[in-house]
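User: I have a model open and want to go through its packing. Can you take my questions one at a time?

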Amino acid sequence: MGVEIAGTDEVTQWMDISGSGVKMTSTDTASRPQSVVDTVSGEAAVRFDGLSSVLKSESGIDLRQGSTDVTIFTVVRPEAGQVEHATIFSHDHRTTPQDGYTLQQHTGAPGRFIFAWRSNNSSFAGNTLGTQTETGVPQIISAHKDGTDHRMWVNGVEGHAETVAATMLSLPGRFAVGGTIDATDRYLNGDILEIRVYNRALATLEREQVEAELISRYNLNDVDADGIEDAWERQYFGSLERDGTADADGDGQTDLMEYLAGTNPWPEAGVNSGLQLWLRADMGVEIAGTDEVTQWMDISGSGIKLTQSDAASRPQ
């Protein structure tokens, strides 16, 4: 909705449908993203090339209307090979005086996105950790600032929580999607299907209602179509790379069979009560290169995933 196309599926305008009247445009043909169809949901998406494509509001807008709290949702399919600060959207970020907020990839952490904002004239807040995403699949990134509480979720699963300063600078500024207003090194490589911005912290039930609506609309329960709910796969395996045919604990039951039976695909501990973390060197370990450990997955069912994206810092 709200997308205008010219030439070979070039997006010239993306119109906000909330009623706020925000219009994102690109007059430069070399910087226009593409209109595509998402292969998982069959819904329309806007594809950004990671090189130059970006959409920007024509003038300054005040999305917060005096509020210092905010809740954001975006349905995005990030691809591999992002530039360091790849930006999904930004509100007057990287311009003088750099007010507003940004949803962008964390420094030195491929696939990990932060929702950060200027808390005063010299400091950013919300930029310490962020939440991990997956490449090549659509997902919902949600975030809120509720007073001093800052949290982020991916498909409704919390991936970040911290205490922040209650302040948030608020001046009308331009809004950009797929990059920033003036930086030439922060373009997103991937598809954006939807963005919502609220000028308040939604209650938990409200947030969950929006996430459920988006999961249903974009068919995000099983994006890899292996018959296993994605949330279950992420909880036990940390990603969607398994296809359901493997047998994680060697008990003769495939991952799909364990999912359908509602059982843990990893082995049972002698004492399960109170078990929150279980790491075994012979299970849940993913390896790349010359025996470099890229991930060690907790097998207790708590969903804890230890990763290392820096090749120089990976154990063997």
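User: Which residues have the most contacts inside the largest nonpolar core?

Analyst: A caveat to begin with: this is a predicted model, where local features need pLDDT of at least 70, side-chain atom pairs count only at pLDDT 80 or more, and totals for chains, interfaces and linings use all residues. Residues are numbered from 1 along each chain as its sequence is written, and side-chain values use heavy atoms, with hydrogens and water left out. The largest nonpolar core has 28 residues, and those with the most contacts inside it are Ile88, Phe89, Tyr101, Leu103, Phe115, Val177 and Ile192. A nonpolar core here is a set of buried Ala, Val, Leu, Ile, Met, Phe, Trp, Tyr and Cys residues joined through side-chain atoms within 4.5 Å. Buried means under 20% relative accessible area, exposed over 50%, and partly exposed in between (1.4 Å probe, protein chains only).

User: Which strands supply at least two residues of this core?

Analyst: β2 (10-15), β5 (44-49), β7 (70-78), β8, β9 (101-105), β10, β13 (139-146) and β16 each do. Strands (E, at least two residues) and helices (H or I, at least four) are DSSP runs, numbered from the N terminus.

User: What does Val177 touch?

Analyst: Leaving out residues up to four places away in sequence, Val177 touches Trp14, Met24, Phe48, Val54, Leu55, Ile88, Phe89, Ile192 and Ile195. Contact means heavy atoms within 4.5 Å. Apart from this core lies another, of 16 residues, among them Ala45, Phe73, Ile140 and Val210.

User: Now aromatics. How many pairs are there in the whole structure?

Analyst: The search finds nine aromatic pairs. Rings of Phe, Tyr and Trp (its six-membered ring) pair if their centres lie within 6.5 Å; planes under 30 degrees apart count as stacked, over 60 as edge-to-face and the rest as tilted.

User: Why is the pair of Phe89 and Phe175 called what it is, stacked or tilted?

Analyst: Stacked, because the ring centres of Phe89 and Phe175 are 5.4 Å apart and the planes are at 25°. The pair links distant parts of the chain, 86 residues apart: Phe89 is in strand β8 (residues 87-91) and Phe175 in strand β16 (residues 175-177). Phe89 is buried at 0% relative accessibility, and Phe175 is buried at 6%. Ring pairs also link Phe89, Tyr101, Phe115, Trp117 and Phe175 into a cluster.

User: And Trp232 with Tyr236: stacked or tilted?

Analyst: Tilted, since the centres of Trp232 and Tyr236 are 4.9 Å apart with the planes at 50°. Both lie in helix α2 (residues 230-237), four residues apart, about one turn of the helix. Trp232 and Tyr236 are both buried.

User: Which ring does Arg207 lie over?

Analyst: Arg207 lies over the face of Trp153, 3.8 Å from the ring centre. Arg242 lies over the face of Phe237, at 4.2 Å. The cut-off for a charge over a ring is NZ of Lys or CZ of Arg within 6 Å of the ring centre and within 35 degrees of the ring normal.

User: Switching to sheets. What is the strand order in the open one?

Analyst: The order is β18-β19-β20, with antiparallel pairing. β18 (285-288) and β20 (305-307) are the edge strands, each pairing on one side only. Two strands pair if DSSP finds at least two bridges between them. Three bridges join β19 (residues 292-297) to β20, where Met297 stands opposite Lys305.

User: Where does α2 lie?

Analyst: Across β18 and β19, running at about 115° to β19. Axes are lines fitted to C-alpha atoms, for helices over the stretch in contact, and angles run from 0 to 180 degrees between N-to-C directions.
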